[in-house]
Every structure is written in structure tokens, then in C-alpha cells.
Amino acid sequence: MGGEGGGVLADWIVGLGEHNGYIAQTTSVPGVAQRTGATIYYVELFPEELASQASKRPILALMPTPGDVDIVLASELMEAGRAVQRGFVTPDRTTLISSTHRVYSIAEKSAMGDGRVDSNELIAHAGKAAKRYVKFDMALAAEANGSVISAVLFGALAGTGVLPFGRAAFEATIERGGVGVKPSLRAFGASYATTQATEEPVESTPGVRPVQWTVQEPKLMHLLERVRLEHPADLHGTVVEGVRRMIDYQDVTYARLYLDRLQALTASVGKTELALLRETARYLALWMSYEDTIRVADLKTRSSRFERVRDEVRATDKQQLAIKEFMHPRIEEICETLPAPIGRWLMKPHAVHRLIRRFTTSGRVITTSSLRGFLLLWSVSRMRGMRRTTLRFKLEDARIKEWLDEVQRAAAHNPLLALELAQCQRLVKGYSDTHARGLANYRRVMNAVKAEGARMAPATLRDLRDAALADEHGKALDKALARHALV
């Protein structure tokens, strides 16, 4: 609206794009909705690299088209409602960013009774209409920092990660403007922090136990000391839980490798990127303890599992309990449990491969409560000592390194993108067919990330990841890739 710096905000977005390799265009359509008039500023950005590759200049639109808008910024709640009413906000693609304060319209103020529109209803409708809705009192934030609402909207835009630019690029744009830089940067920073805090909360690690800093084993004490010195206090619980998991999964040396990998990322991005470090620590621990046949056999033969099953079925001490496991190991699981050279040989199509495949076409029932069934799985679980030589370990270790490299590379220019990359590990889980389908979706998402590079917006990556999680068979991911023109 008039006097709130809408033109400055539009120019900032254009300058942000042009200084980061994008062709940009802005138009404005004045209106007289309320007060001194509301104006629609429309901006389009297009990667200059893609235009050069095609040897063509893009034809950019002069006006927004309903159903074809990626981001809507509204400086007041009723303006957000008008954008929804005009069809500019759609649940399949639009990120809506608006202030929740109200500047009452003439119709509201001139009504005979209380003509005010219910703000809660406006917020509810906007939330349903948008794919993602970021909202807080931006007028209050602007006043508190001695600035105008345009700087607050710009900070909220940066905080959502919906554009493929890091925070530093946004701040450099404000500095290039040269007018009111200090208050604008203050308002920008406050808004950025508020947007981060009001985003959907990062999933916490369930069951994190209190940190016990004193242990008897010298090797373990050394690991805990590393956690204390190398990581911020807010991460200690998560990282120590990861160390516990590595020891339970493999050994102390494996836990040391876990800390080495985390320390490399911390040294690269600094200790201030708490959300990125926490999520990487969490998902790295999950990935390094992937569920191979050795892990599955170990978990199924633990005494704690037998006790848990007895409790669940309420079996008394005088009752016998039979536990039958349905196992369906594919030839891939057999090959991956063998030493890498043998496993790779067996994976190739030859007579031995075909013979073993014949015996893996149907599942088997193993009674782990019987001596024979228990010893069978227990013997597999004892192969933990040779896990590092297995084909599966070699494959997963390479994937983990590639994932960490991508996270670290993205963190250098856009920590929000790196955070979304860290959370992509969620796609790789389980074992057998579930793992194969998740890995296939993960590869497709990562291929899109590599193809887009720095052009990838964090919100775009989140959309791809959510689509892959919604449908492990990849149909939802097909639609998401097509929607973002990444096919």
C-alpha cells in the first residue's frame, strides 16, 4: 500500500535477481483499494544461463495470471485476502507471505455496526488457499526497528528459502540501495529470524536421553569430550545420541568416524547454523546405521525384543510364546552381505546368480523363538565384525560421502538449501524393496539438485522431497518435477 515502500521492495527483488545471474522484469498496476491506494507490483525472474543455452531471450509477462504465481507478498492481511480472492494464491504452488496487522477499509469503517472482517477467518482462508503461509505482525516489526514494512517483507522472503539465493545476497541488495541501509538491515534481520522461528518446527529427535559426561571407559570419555568441544551446547544431546547409536550399531571406531564427518561440516559452516548442524547430525546417524541384513538379524534376536513382545501380548510366565518372522531376502541382500568383490561378482547374471535367485523368489517363515531359528539369525548378526568389507557398506559409504559433499557445497552459498538437502536423507530408509524404492526417489531428487545447482530454491527442493515421501512409487515426484520444469 502507499507509503510502505512497495516500489523499493520490487526494485530490491529485481536487483537481487540481476546481480545473481537472472533476467528480471517488474511492472506495477496502481489501485485505490484503501488509504492512499494499493498497488500490485509484479516481478518475474528467469535464469540467464538457460536463456544463453537456448540462444533466446525469454518473453516475460506484464501481469500475474491466476494459478501461475509462485510467491505473493502482502503488506496487510486484507491485501492477502484480496490476492486469494483474485486467484493469485493456489495450494499447488504459491508461498504466501503476509502481515497479520489490519488497516481497515472504508467499507469496514463506514458500516452502521461493526463492519470489520474477522482476521481469524481471513488467516484460515489464506492458509487453506496457499501451499505455504508465512505470517506475523510485520508492521510491529518495522516500527520496532525504525524501518518500513518493505524491509520486513524482504527478510521474510529470504527466510522462507523460496528463492535460490542465500541471506548474504539479500543483505547485499539492501546495501547497494544506499538509503536507510542500517534500519532496513535491522528490520530484515529481525524478520528473517522470525520467519525461521515460525516455520514448521524441525522434527526433534525422539527419546534423546540426558547427556552423561562421566564414563569409565577411556575411549568413550574421549568421544564425549570431542562432542563437548566441537559442537554447540544445543547440539550435545543429538550428537551424543548419534554416538550411542554408532557404538550400538558397529563400534567405537565407527562412532569416531561419525564425529569426524560432523566436525568437517561444523568447520565449514560454523557453529551458528544450528538447524543445519542438528539435522545433519540426526540424519547422518540414521544413514550410518542403515538396516542391512546384519542389523535386522541383530535387532530380531535381542533379549529386549523378546521381552517387549511378551509384554505386548501379555504373556504370563507359565505361557509359551512363539515368534514367527516372515523374511524375504532378495538376491540383492545376499550379494550385499558378502565381501564386496564376491558380492559384485554374484550380482552379475550368470549360472550361480540364476540358481540363487530361484531360491529367493518367495519368502520364508523363521521361528526366532526356536533354537534353530534363533541361531540362524544370531549367526548373521555376528557378522558385524566384517560389515566394513561388505558390498552394502561400500555402497552406503559412497552415498553418505556424496550426500555430505552436496550439503557442504550448498551451505557455502545458501544454508537453507543445505538444510533441505540434509533432510533428503529421509527418502532412504528401510530395507529390501522399501529401500530400493526410496533410493530411486532420492537419486531422482539429487539429480535435479545437481542439474539446477545454485538456481535451486530451498522451497523447490522441499516440494520435491515431500512429493517423494508422499508416494514411494514416484508418481507424485513425477508431477512435482514437471511442475518445476525439472524433468
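**Overall architecture and nonpolar packing**

Of the contacts in the protein chain that link residues at least 6 apart in sequence, 69% are between residues at least 24 apart. The model is predicted. Its secondary structure amounts to 24 helices and seven strands, and the C-alpha atoms occupy a box of roughly 85 × 55 × 45 Å along the principal axes. The protein chain has 487 residues, 45% of which are buried. About 24,700 Å² is exposed, and 55% of this area is supplied by carbon and sulfur atoms.

In soluble globular proteins, nonpolar side chains tend to be buried together. The largest nonpolar core in the model comprises 55 residues, and the members touching the most others are Tyr258, Trp403, Tyr442 and Leu464. When residues up to four places away in sequence are disregarded, Tyr258 is in contact with Thr238, Val239, Gly242, Val243, Met246, Ala281, Leu284, Ala285 and Met288. Another core, apart from the largest, contains 30 residues, including Leu9, Ile149, Tyr192 and Leu416.

Leu9 is also one of the buried residues of helix H1, together with Ala10, Trp12, Ile13, Val14, Gly15, Leu16 and Gly17. Helix H1 spans residues 6-18, 13 residues in total, and extends 18 Å from its first C-alpha to its last, close to the expected 18 Å.

On the surface, a nonpolar patch is formed by Val29, Leu62 and Met63, whose accessible area together is about 260 Å². Met63 is located in the loop between helix H2 (48-54) and strand S3 (71-74). The relative accessible area of Met63 is 37%, so this residue is classed as partly exposed.

Key
Residues are numbered from 1 along each chain as its sequence is written. This is a predicted model: local features need pLDDT of at least 70, side-chain atom pairs count only at pLDDT 80 or more; totals for chains, interfaces and linings use all residues. Side-chain values use heavy atoms; hydrogens and water are left out. Helices (H or I, at least four residues) and strands (E, at least two) are DSSP runs, numbered from the N terminus. The expected span of a helix is 1.5 Å times one less than its number of residues. Buried means under 20% relative accessible area, exposed over 50%, partly exposed in between (1.4 Å probe, protein chains only). A nonpolar core is a set of buried Ala, Val, Leu, Ile, Met, Phe, Trp, Tyr and Cys residues joined through side-chain atoms within 4.5 Å. Contact means heavy atoms within 4.5 Å. Patches are made of residues with over 30% relative accessible area and no salt bridge: like charges are joined within 9 Å, nonpolar side chains (Val, Leu, Ile, Met, Phe, Trp, Tyr) within 5 Å. Accessible areas come from the Shrake-Rupley method with a 1.4 Å probe; for residues, only the protein chains shown count as cover. A salt bridge is a side-chain nitrogen of Lys or Arg within 4 Å of a carboxyl oxygen of Asp or Glu.
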